[in-house]
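Here are some exercises to work through with the model open beside you. Try each task on your own before reading the solution.

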Amino acid sequence: MPEYKCQTNENNKATELPLLRIGGSVQQNPHMRAFWGSTISFFLAFLGWFALAPLSLDVAYSMEICENQKYPPDEFPLRKPYLNFKNLKSEKLYCRYGKNDPDTPTDCNPVPDDIFQEKCASDTTDPACNKYDKSTLTRCVCTAGTECRGVLGNAGIASVASTIFVRVALGTLLERFGPTNVQAGLMTMAAVWVSLATAINAPWNFILIRFLIGMAGATFVTNQFWCSLMFAPNVVGTANATAAGWGNLGGGVTQIFMVVVLFQPFKEAGMDPDTAWRVSLIFPAAFCLITAVCIKLLCWDTPTAKRFHPSDTGKTQGASIWDYCEVLKDMRVVVMIFQYSACFGTELAMNNQLATHFRSYFQMKADQASTLAGCFGLMNLFARSLGGMFSDGLASKFGFRGRIWAQFLALFFEALFLFAFGSIDNTNEWYVALIVLVMFSTCVQMAEGTS
């Protein structure tokens, strides 16, 4: 048996997870190289996957799809998004004297007679003489019902849709090419697509690029498969949960990193916003490419071999499309698909939309909105593992039924807090939304951990 840095069983799989034991050659320490390779690559894949999300309003402005770009308020003062607009900072309304209908307005109320007589009889240039207060509009009006909001929503859907198909295909690809080749390939593709995102100039290529970048989300499958090859049953659950949770953390970090660390400092250094967001994307692209090279050169697929073979898992033949059909015959698998989509799918939706939601609906600055949005993903530091421990605790007392109850409770409270978060309007202070968001995110990540 080779001399490993980690304690191993008879199959050369690690029976411990020493996070800081990273020294030694690849022959001596393949286990921790695989753990950190899978974790860091998944983390950076999330960083690239959602790099555009907190910058969406600035990208929309560059594509000239904001409502006040497509329909200048001087020419189209009666657009519904304008009539319903309220500037939360100044507390002023676009309709200076209110709307002609609170629910379905068609115009603003006219200037009251007393104000007209006092200020407008001799000087019609006074702002008070205009029933429309165009100064209240933000740089990019992208509220509900606008084409801008539709484009951003469709891009978010596209970025999630692609990862579904690639994740399904990855089972076959992993058995054919091994985890290091697959992960290096996915990270290289992520680097290419993220770098090409710097050239976005229209809605069609924005949606297409987000679709292609979404393939990076399939790195989760490699993350779990690779750790399963390296760690023994007594510790593989902890290894998988930690690798996945810390990898998912990238979805929260990117909200803060892209805006607070890159975009805002670039603007303050003198770049215009259009250039700043494009330059910012170069960094996650470079990180993904560097990681791909490191995985390819520094890691092994299994504890004893550089390349994986299906026989390493006890299979006598390679994967085929019929394997998926056989799996789907089990209704428990189908139910699990829906259960996991309810938690991980929710996380992806939140990562895509939260920063834009806080910027457009709560009218927060980019750095403030991205920080609040990042708090959702930061719960991965502990909540996913907490879900696993909660499931293990109930299982020790009630068996497998305890695991079912653990997932039910996590999903139930996730739904409860999602409803609560959706009920918070922009008349509330930001910290009210943050408190509910943290509770909601904790339940989402716990539900993933119970899966």
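**Exercise 1. Find what Gly-250 touches, leaving out residues up to four places away in sequence, and describe its surroundings.**

Solution. Start with the contacts, where contact means heavy atoms within 4.5 Å. Gly-250 touches Phe-43, Phe-46 and Leu-47 once residues up to four places away in sequence are set aside. Next, place the residue: Gly-250 is found in helix H11, residues 250-268. Helices are DSSP runs of H or I with at least four residues, strands are runs of E with at least two, and both are numbered from the N terminus. Then check the cover: Gly-250 has a relative accessible area of 0%, so it is buried. Here buried means under 20% relative accessible area, exposed means over 50%, and partly exposed lies in between (1.4 Å probe, protein chains only). Finally, look at a pair far apart in sequence: the C-alpha atoms of Gly-250 and Ile-40 are 210 residues apart along the chain and separated by 9.1 Å.

A word on the basis of all this. The model is predicted, so local features need pLDDT of at least 70 and side-chain atom pairs count only at pLDDT 80 or more, while totals for chains, interfaces and linings use all residues. Residues are numbered from 1 along each chain as its sequence is written, and side-chain values use heavy atoms, with hydrogens and water left out.

**Exercise 2. Summarise the protein chain as a whole: its helices and strands, its span and its buried share.**

Solution. First, the elements: the protein chain has 19 helices and two strands. Second, the span: along its principal axes the C-alpha trace covers about 95 × 50 × 40 Å. Third, the burial: of the 451 residues, 49% are buried. Fourth, the contacts: among those with a separation of 6 or more, 72% come from residues 24 or more positions apart. Last, the surface: the protein chain exposes about 20,900 Å², and carbon and sulfur atoms supply 63% of that area (Shrake-Rupley method, 1.4 Å probe; for residues, only the protein chains shown count as cover).

**Exercise 3. Why is H2 largely enclosed by the rest of the structure?**

Solution. Begin with the count: seven of the eight residues of H2 are buried, so the helix is largely enclosed. The buried ones are Ser-56, Leu-57, Asp-58, Val-59, Ala-60, Ser-62 and Met-63. Now ask what they pack against: H3, helix H6 (147-177), helix H8 (203-213), H11, helix H12 (273-280) and helix H15 (331-360).

Take Ser-56 as a close-up. This residue is found in H2 (residues 56-63) and counts as buried because its relative accessibility is 3%. The Ser-56 side chain reaches the backbone oxygen of Ala-53 at 2.9 Å. Neighbours within four places aside, Ser-56 is in contact with Leu-152 and Thr-356.

**Exercise 4. Follow the chain out of H2. Which residue comes next, and what is the sign of its phi?**

Solution. H2 is followed by Glu-64, with a positive phi near 60°, although Glu-64 is not a glycine. Glu-64 sits in the loop between H2 and H3, and with a relative accessible area of 56% it is exposed.

Continue to Glu-67, in helix H3 (residues 67-70). With a relative accessible area of 2%, Glu-67 is buried. Its side chain joins that of Arg-79 through a polar contact of 2.8 Å. A polar contact is a pair of N or O atoms within 3.5 Å; within protein, one must be able to donate a hydrogen and the other to accept it, and residues adjacent in sequence count only if both atoms are side-chain atoms.

**Exercise 5. Which residues touch the most other members of the largest nonpolar core?**

Solution. A nonpolar core is a set of buried Ala, Val, Leu, Ile, Met, Phe, Trp, Tyr and Cys residues joined through side-chain atoms within 4.5 Å. The largest has 60 residues, and Leu-52, Val-59, Ile-200, Phe-206, Trp-277 and Leu-281 touch the most other members. Apart from this core lies another, of 19 residues, among them Phe-362, Leu-372, Phe-376 and Phe-440.
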